[in-house]
Amino acid sequence: MVKKLGKRIGEETNYIPGAVNTGVFRDCIIDTSWDITAYEGWVPEFVLITHGHADHFRLAYLLRQRGARIGAPREEALLIERPEINIRAMFSWAWPPEEMVTSFFKGTACRVDFWVENWHYPGITPIPLPGHSVAQVGYLTEDGVLFSGDALYTRELWKEFPLPYSIDPGLVRDSLKRLKLTEFQWLVPGHGKPLTKEQSVEEIESHLAHLDRLDEMILYYLQKPRSTEEIISDIYTALQLKNSLAQYWLAVTVIKAHLSYLHRKEQVRFFLDKYRVYWEAIA
Ligand SMILES: [Zn+2]
């Protein structure tokens, strides 16, 4: 049985708006809503997950118990089956105190039945969009709706979270450029309102400009050597981020990701002094 839920956005595609938007295409859903009642008792044949952050697979385990089969990119599947990997990774594999862990990483483990790289379903094409996470994919339906996970943050979201999570700004940039080159009618981001192609292009340009600005800010502060903790504190303060431990640990990853990217671009160097790593812009 194919049921139509939520709002219509394509010829055959619907989406259920929510804290995380869910796509509905024939007997598949893309990412899961946070509210089981959104499915009105219907169980999709397939649940396709964009990436292994708990907010995107929150109810996958429940739908699987009811008979759905769960698909995810191969390298993200591990994070869905073992949510503690994300939690340990942010704390260098030690187990962090509970208060330090963001709710985005706290999820109920769910077995993944297939890797979307090996899966063929007429009408849905997975599009690789890594950078926000290691192997995120978007899903493009044949009626032109692209569900982009967390690859694109709209200006509205940037206002709310001035340092959105990413593990590699170089890959984020490549994924944004891939999105721009992809043909679609509508883009449904994981968070926020659906965008037309034209609006998406504007938001992509804005996201790219934000990434450049973050790099520039880091390079500005690194005119003098700063330790990893100091540069994190500088950026955190400049962006007036919320002084919460869960946010802090997300920011640590994002700023390290930018430092790593700038190092690959030969724009910063680092050195160890008295057991502290310092970073410095290369003039
Ligand atoms: Zn995410």
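Two strands count as paired if DSSP finds at least two bridges between them. Pairings of this kind are described below for a predicted model.

The protein contains 9 helices and 15 strands. Its radius of gyration is 19 Å, close to the 19 Å that the globule rule gives for 283 residues, so the protein is as compact as a globular protein of that length. The C-alpha trace spans about 65 × 40 × 30 Å along its principal axes. Of the 283 residues, 39% are buried. Contacts between residues at least 6 apart in sequence were also examined. Among these, 60% join residues at least 24 apart.

The domain assignment divides the protein into domain 1 (7–210) and domain 2 (214–281). Their C-alpha centres lie 27 Å apart. Domain 1 gives 14 residues to the contact, and domain 2 gives 14 residues. On the side of domain 1 that touches domain 2, 8 residues are nonpolar, 4 are polar and 2 are charged.

Strand β2 covers residues 13–16. Strand β1 (residues 7–8) pairs with β2 in the antiparallel sense, over 2 bridges. K7 has Y15 of β2 as its bridge partner. The hairpin that joins β1 to β2 runs through 4 residues. On its other pairing, β2 meets strand β3 (residues 22–25), again in the antiparallel sense, over 4 bridges. Here N14 is the bridge partner of V24 in β3. A hairpin through 5 residues joins β2 to β3. In a regular strand the side chains alternate between the two faces of the sheet. In β2, one face is covered and the other is not. T13 and Y15 make up the covered face. N14 and I16 make up the uncovered face.

Strand β9 (residues 137–141) is mostly covered, with 5 of its 5 residues buried. Both of its faces are covered. V137, Y139 and T141 are buried on one side, and G138 and L140 are buried on the other. β9 takes part in two pairings described here. Strand β8 (residues 124–128) pairs with β9 in the antiparallel sense over 5 bridges. P126 has Y139 of β9 as its bridge partner. Strand β10 (residues 145–147) also pairs with β9 in the antiparallel sense, over 2 bridges. In this pairing Y139 is matched with F147 of β10. Y139 thus has a bridge partner in P126 and another in F147. β9 and β10 form a hairpin with 3 residues between them. In its turn, G144 has a positive phi of about 85°.

Helix α7 covers residues 197–221. At 1.5 Å a residue, its 25 residues should span 36 Å, and the end C-alpha atoms are 36 Å apart, which agrees. An α-helix has 3.6 residues a turn, so residues three or four places apart point the same way. The buried residues of α7 are S200, E203, I204, H207, L214 and I218. These buried residues pack against several other elements. The helices among them are α5 (155–160), α6 (169–181), α8 (228–238) and α9 (245–264). The strands are β11 (186–188) and β12 (195–196).

Technical notes: Residues numbered from 1 in each chain as written. Predicted model: local features only at pLDDT ≥ 70, side-chain atom pairs only at ≥ 80, totals over all residues. Buried ≥ 20, exposed ≤ 12 C-beta atoms within 10 Å, placed from the backbone. Expected span 1.5 Å × (residues − 1). Contact = placed C-beta atoms within 7 Å. Domains from an automatic or database assignment. Nonpolar A, V, L, I, M, F, W, Y, C, P; charged D, E, K, R; others polar. Rg over C-alpha atoms; globule rule 2.2 N^0.38 Å.
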